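Me: Please take a close look at the charged side chains of this model, setting out which of them pair up, where the partners sit and how far they are covered. End with any backbone angles that call for a second look.

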Amino acid sequence: MIRRAFVVRAGDGAEIVCTAHEPGGRARSTIVIAPNGPLPRAGPFRSMTRLAEHLCDAGHRVVRADLRGFGEAEADVPEGTIHEHYRSIERGLHVDDLLSVVEALDQDGAPLVLFGSCGGAVTAIRAAQRDPRVHAVVAYALPVVLTGGRGAELTGRRGPSRALTMARLGLGEAALRSSRGRLLPGGLAPWLNAPLIRALRGLAGQRQVLLLFGGEDDVQDQLARYHLLKTADVDELPGIGHHFDDPADVERVGATMDAWLRSQE
């Protein structure tokens, strides 16, 4: 395995710093990893570095990228709480940057795969929907509810304003459930990541998608509520939490990804 760092320029000129893990022979695929939220490309406790090494040993070329404002990448992001940063990423902050990384790659004919966890999964799904070169997407712990959920919509509201907002949110949930998740009233359901849901539905039947979940995570319940699990292959890994930062858990996620990608060859 050869590991090398390189720089990609985003559309506005900002530097996006990447690390590529190159297998010894011809790559079976090129997997681009989006960082999971406001974290560097190594991931929590170097989980993304370990995942890249595991997948590279299985014959994949793997690229880890720092995207704007985090890690070694350039560009500023506004000051905010960790929840505000997650919400900005879930709303698409890093999608264009990830597409810039994809544009810069020499894939040598290897199928292009995007991967992300949590906020990175949102970035990967939305980027894949915009780039027809993407062959497949693997998402771990993909959330469809924006960080903070309804609570973020109620922050700072008091008295009649809070009561009206709660009534509006309840109406939105009722509309979604009565339509079996087909209706996405943005004004009535602002806690949902509607662009992500549309992207996931747009990929269904067009590109291969694998949704991975840890058995100790509950985000799959969100997808089930809005009838989204049938849009992709789904696999649950019992005993793994939202952040698969234990080395054994990383290996399980990597092995599951590799087996699924082999089934698509």
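Reply: A salt bridge is taken here as a side-chain nitrogen of Lys or Arg within 4 Å of a carboxyl oxygen of Asp or Glu. The model is predicted, so to speak of a local feature pLDDT must be at least 70, and side-chain atom pairs count only at pLDDT 80 or more, while totals for chains, interfaces and linings use all residues. Residues are numbered from 1 along each chain as its sequence is written, and side-chain values rest on heavy atoms, with hydrogens and water left out.

By this rule, 16 salt bridges are counted. One of them joins the side chains of Glu103 and Arg133, with N to O at 3.0 Å. That pair connects distant parts of the chain, 30 residues apart, with Glu103 in helix α3 (residues 95-104) and Arg133 in the loop between α4 (119-130) and β6 (134-140). Elements are DSSP runs numbered from the N terminus, helices being H or I with at least four residues and strands E with at least two.

For cover, buried means under 20% relative accessible area, exposed over 50%, and partly exposed in between, using a 1.4 Å probe and protein chains only. Glu103 is exposed at 53%, and Arg133 is partly exposed at 37%. Arg133 also meets Asp131 in a salt bridge between their side chains, here with 2.7 Å from N to O. Asp131 is buried, since its relative accessible area is 6%. Arg133 thus has a carboxylate partner that is exposed, Glu103, and another that is buried, Asp131.

In helix α9 (residues 247-264), a further salt bridge holds Arg262 and Asp258, whose closest N and O atoms are 3.0 Å apart. Because these two residues lie 4 residues apart in α9, about one helical turn separates them. Arg262 is partly exposed, with a relative accessible area of 44%, whereas Asp258 counts as buried at 12%. Beyond these pairs, salt bridges with shared partners link Arg4, Glu22, Arg61 and Asp108 into one network.

Arg64, which lies in strand β4 (residues 61-65), presents another situation. Arg64 is buried and yet has no salt bridge, and Glu53, the nearest side chain of opposite charge, is 6.6 Å away. In judging opposite charge, Lys and Arg count as positive and Asp and Glu as negative, whereas His and the chain ends are not counted. What the side chain of Arg64 does make is a polar contact with the side chain of His21, at 3.0 Å. A polar contact is a pair of N or O atoms within 3.5 Å; within protein one atom must be able to donate a hydrogen and the other to accept it, and residues adjacent in sequence count only if both atoms are side-chain atoms.

The backbone angles come last. Most residues other than glycine have a negative phi. Phe45 is not a glycine, yet has a positive phi of about 55°, and its place is in the loop between β3 (30-34) and α1 (47-57). Ala141, likewise not a glycine, has a positive phi of about 55° and sits in the loop between β6 and α5 (149-154). Their surroundings can be told apart by cover: Phe45 is exposed, with a relative accessible area of 64%, while Ala141 counts as buried at 0%.
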